Amino acid sequence: MAETGASTLPPTPPRHSPVTRAERFVWLTARVLDQHRFAHDFRGGSADPVETALDAYRNEDGGYGHALEPDLRGPVSQPLHTAHALRVLDAVGRCAGQRVEHICRYLTSVSTADGALPAIHPSQHGYPTAPFVTVLDDPPSDLLATGPVVGLLHRNEVWHAWLFRATDFCWQAVESLEKSHPYEIEAAVAFLDAAPDRPRAQAAADRLGRLVREHRLAALDPDRLDAYPVSHGYAPGEHHFPYDYARTPRSLARAWFTDDEMTRSLDHLASQQQEDGGWPVRWRRWAPAPALEARPVVTIDALRVLRAYGRTVD
């Protein structure tokens with residue numbers, strides 16, 4: 001029989017568990033949205049507060065802005081903000097309905113002539129932007145922006161007219177890649193992991209895996225990072241590891257790496273939790289607020305990857 005006055009809450013995990021350490025970091029530093037995301041992912045919290053917090057970033061055009069993606073400041077909707085919003089909705093099982101219909105209308109309104117997304121829409125002009133982000137008056141279609149969005153919509157069985165040409169663009173872009181860089185490969189994987197044509201996706205993924213290994217785009221030995229030069233334009237130390245490409249064991253990119261290589265990369269990821277409980281931002285830090293806002297996002301993502309691979313984080 002339960003003791004009178006006993007708490008009905010689940011027992012608190014051990015003080016020094018990765019999640020408990022991260023939870024303190026999130027409460028100290030994170031935006032309200034990311035606090036609710038953490039509660040949903042690791043404390044059994046409802047999806048409703050996540051959706052409510054996400055609404056603060058939504059604009060009347062159906063897109064998202066207000067520095068939802070921390071390296072783009074200002075209120076205007078941008079494809080990268082909207083992709084971030086879709087990832088949040090996907091993570092809480094709410095990537096459907098009128099909300100996603102409005103997002104697809106926004107995506108249609110900002111698409112390029114070939115039906116895909118630019119990395120940055122020209123409306124970003126005049127607002128603070130990371131120095132490594134280029135704002136063009138007539139930006140081209142970009143796989144980095146388009147691939148993850150198309151993949152998420154397919155995975156959630158969303159069907160909208162925008163998807164037809166955008167999907168064709170992704171196939172053409174992925175299958176024509178001869179040289180690339182880690183973030184673009186990650187975007188390609190995000191598309192391929194959910195593309196409806198599974199045999200075609202498998203063939204494309206096999207080819208990309210060979211490209212990644214041949215061009216040393218994944219640091220396979222975390223103890224010898226000097227053997228893996230970072231890509232042009234990246235920050236010093238901005239290496240990418242097997243878990244960056246294969247964020248779950250179900251990803252097509254998992255086949256690119258041996259069990260030993262994946263284990264070493266996951267060990268490295270777990271070891272990167274810092275004394276304050278958060279994981280570090282690996283890309284170039286250019287202002288205090290973007291770095292502060294990005295770290296809880298990176299921290300939640302790290303815990304999700306570790307848990308996906310069966311690592312004990314609670």
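The paragraphs below go from the whole chain to single elements and residues.

This is a predicted model, in which local features need pLDDT of at least 70 and side-chain atom pairs count only at pLDDT 80 or more, while totals for chains, interfaces and linings use all residues. Residues are numbered from 1 along each chain as its sequence is written, and side-chain values use heavy atoms, with hydrogens and water left out.

The chain holds 12 helices and zero strands. Helices (H or I, at least four residues) and strands (E, at least two) are DSSP runs, numbered from the N terminus. The order of elements from the N terminus is therefore α-α-α-α-α-α-α-α-α-α-α-α. With a radius of gyration of 20 Å, close to the 20 Å from the globule rule for 314 residues, the chain is as compact as a globular protein of that length. That radius is taken over C-alpha atoms, and the rule is 2.2 Å times the number of residues to the power 0.38. Along the principal axes, the C-alpha trace spans about 65 × 45 × 40 Å.

Of the 314 residues, 51% count as buried; buried means under 20% relative accessible area, exposed over 50%, and partly exposed in between, with a 1.4 Å probe and protein chains only. About 15,200 Å² of the chain is exposed, and carbon and sulfur atoms supply 53% of that area. These areas come from the Shrake-Rupley method with a 1.4 Å probe, and for residues only the protein chains shown count as cover. Among contacts (heavy atoms within 4.5 Å) between residues at least 6 apart in sequence, 62% join residues at least 24 apart.

The chain carries 33 positive and 41 negative side chains, and the centres of the two sets lie 3 Å apart. Lys and Arg count as positive and Asp and Glu as negative, while His and the chain ends are not counted. Each charge is placed at NZ of Lys, CZ of Arg, CG of Asp or CD of Glu.

Helix α2 covers residues 32–42, and its buried residues are L33, D34, Q35, R37, F38, D41 and F42. An α-helix has 3.6 residues a turn, so residues three or four places apart point the same way. The buried residues of α2 pack against α1 (18–29), α3 (48–55), α4 (79–91) and α12 (288–308). After α2 comes G44, with a positive phi near 70°.

Two residues in the loop between α3 and α4 also have positive phi: H66, near 60°, and A67, about 60°. Neither H66 nor A67 is a glycine. H66 is partly exposed at 33% relative accessibility, whereas A67 is buried at 7%.

How many disulfides does a search of the whole structure find? It finds zero, a disulfide being a pair of cysteine sulfur atoms within 2.5 Å. The sulfur of C95 has its closest cysteine sulfur in C104, 8.3 Å away, which is too far for a bond. C104 is likewise in no disulfide, and its nearest cysteine sulfur is that of C95. C95 is buried, with a relative accessible area of 2%, and C104 is buried at 0%.

Further along, A204 sits in helix α9 (residues 198–214) and is buried at 6% relative accessibility. Not counting residues up to four places away in sequence, A204 touches W171, V174 and L192. The C-alpha atoms of A204 and A188 are separated by 9.3 Å, with the two residues 16 apart along the chain.
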